[in-house]
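Q: I'm new to looking at protein models. Could you pick one part of this one and walk me through it slowly?

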Amino acid sequence: MKHFHNKVVVVTGAASGMGREYALEFARLGALVAITDVNEAALAETHAMLQKITDKYSHSEVLDIVSQDGVEAFAKTVEAKLGKAHVVINNAGIGGGGAPLWAQESSQIHTTMNVNFFAVVNMTRAFLPQLLANQEGAIVNVSSVFGLIGTPGTSDYCASKFAVRGFSESLMVELAETPISVHLVHPGGIKTNIAKDSKNGAEFEEKYLKTDPLDAVRIVIKGIQSGKQRMVFGYQSSLLNFLRLLPLKLRNKILYREMGDMRDPEHYDQLAVLAGQSK
C-alpha cells in the first residue's frame, strides 16, 4: 500500500501514546480514521485533535476490544459510516502485572492475555473480510521487544506478546497469496504510559521508555508502504534483538544483571515462603 488518501484506517488504543499518534498521522495523510479505546475522556481528546487536522469524517467509539461481540458490532459500524477498512492497527495493550509469576493473581494473567492477544485476534477476524473485499489491505499487529525475549517480572506480558508474534507470523503465511499484507511490530522503549499502573512503573519509564511515539509511528507507516513484515525499533531494541541470538544461558545471565535492580524484595520474600511450604 503506497498511499492512504481516502483509505479507511482503524486504530485501537487511540486514547494516548502511539495509538493517538497513529490516528493523527494517518489523518494528516488523508485517511478516514476510526478510533477506539476504553478511556472515554482521553479518546474524546484524540477525536477532537483529529477534527482539527482534517475535515474528513472520522468515527470514535468507546469499546472493550476483549468483547468479540462488541468488536464485530464496531466493524459493522465502521463499514456503515466510513466504508470497508483498508488498514487495521492493533495497537491497544496493557503492561501486565509487573511482577514474577508467583506474585500475580491468575485473573491478572488472564486479563493481560485477553487485552494484548485475544483482542488482536478479535479485531483481525472482524475486519479481515472488509480488507479482502477491498482487494487491498494491511494488518499491523503490535508485539514488543518483549515478544522477542523473555524478561524478569514480565512473564504475563511476554507471553501475550510472544503470542501476538506467533499469530502474526502464521497469518503472514496464510495470507501470502492475497493482497493483504501483515506487519509485525516490535517496539522498544517508546515513551507511553503503558507502565504507569505497575508498581515500578515510574522507575521503568525513566530507565527504559525514551523514544518519541510519533517517530515510532512514522517508522511503521513507512514499513507498511514498503511492505516490511517485521519492524524492530525504539530505545534499546537493537540490543534486545541481538540478545535473542545468544545462547539462552548467557542471555539470561545478562538480563538478570541488567534488570535485576527492578526486582521487588517483597516478591522474593514470597518466593522463600513458597519454597518453605513445599518442603
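What follows is a close look at helix α7 and its surroundings.

A: Sure! Keep in mind that this is a predicted model, where local features need pLDDT of at least 70, side-chain atom pairs count only at pLDDT 80 or more, and totals for chains, interfaces and linings use all residues. Residues are numbered from 1 along each chain as its sequence is written, and side-chain values use heavy atoms, with hydrogens and water left out.

Helix α7 runs over residues 213-226, which makes 14 residues. (Helices are DSSP runs of H or I with at least four residues, strands are runs of E with at least two, and both are numbered from the N terminus.) From first C-alpha to last, α7 reaches 20 Å, close to the 20 Å expected at 1.5 Å a residue; that expected span is 1.5 Å times one less than the number of residues.

Let's start at the front end. There, a side-chain oxygen of aspartate 212 comes within 2.9 Å of the backbone nitrogen of leucine 214. At the other end, α7 is followed by glycine 227, which has a positive phi, near 80 degrees.

Now for the inside of the fold. Pro213, Leu214, Ala216, Val217, Val220, Ile221, Gly223 and Ile224 of α7 are buried, meaning under 20% relative accessible area with a 1.4 Å probe, protein chains only (exposed is over 50%, partly exposed in between). What do the buried residues of α7 pack against? Their partners are α1 (17-28), β4 (87-90), β5 (137-142), β6 (180-187) and β7 (230-233).

One of those buried residues, Ile224, takes us further in. The largest nonpolar core has 32 residues, and Ile224 is listed with Tyr22, Phe26 and Ile89 as having the most contacts inside it. (Such a core is a set of buried Ala, Val, Leu, Ile, Met, Phe, Trp, Tyr and Cys residues joined through side-chain atoms within 4.5 Å.) Elements that each supply at least two residues of this core include α7, α1 and β7, and α1 gives the largest share, six residues. Isoleucine 89 touches Ile224, and also Tyr22 and Phe26, among others; contact here means heavy atoms within 4.5 Å.

Finally, peek at β6, one of the partners of α7. Histidine 186 lies in that strand, and it counts as buried because its relative accessibility is 0%. Its side chain makes a polar contact with the side chain of arginine 230 at 3.1 Å and another with that of serine 143 at 3.5 Å.

How values were computed
Polar contact = N/O pair within 3.5 Å; in protein donor to acceptor, adjacent residues only side chain to side chain. Lists of a residue's contacts leave out its neighbours within four places in sequence.
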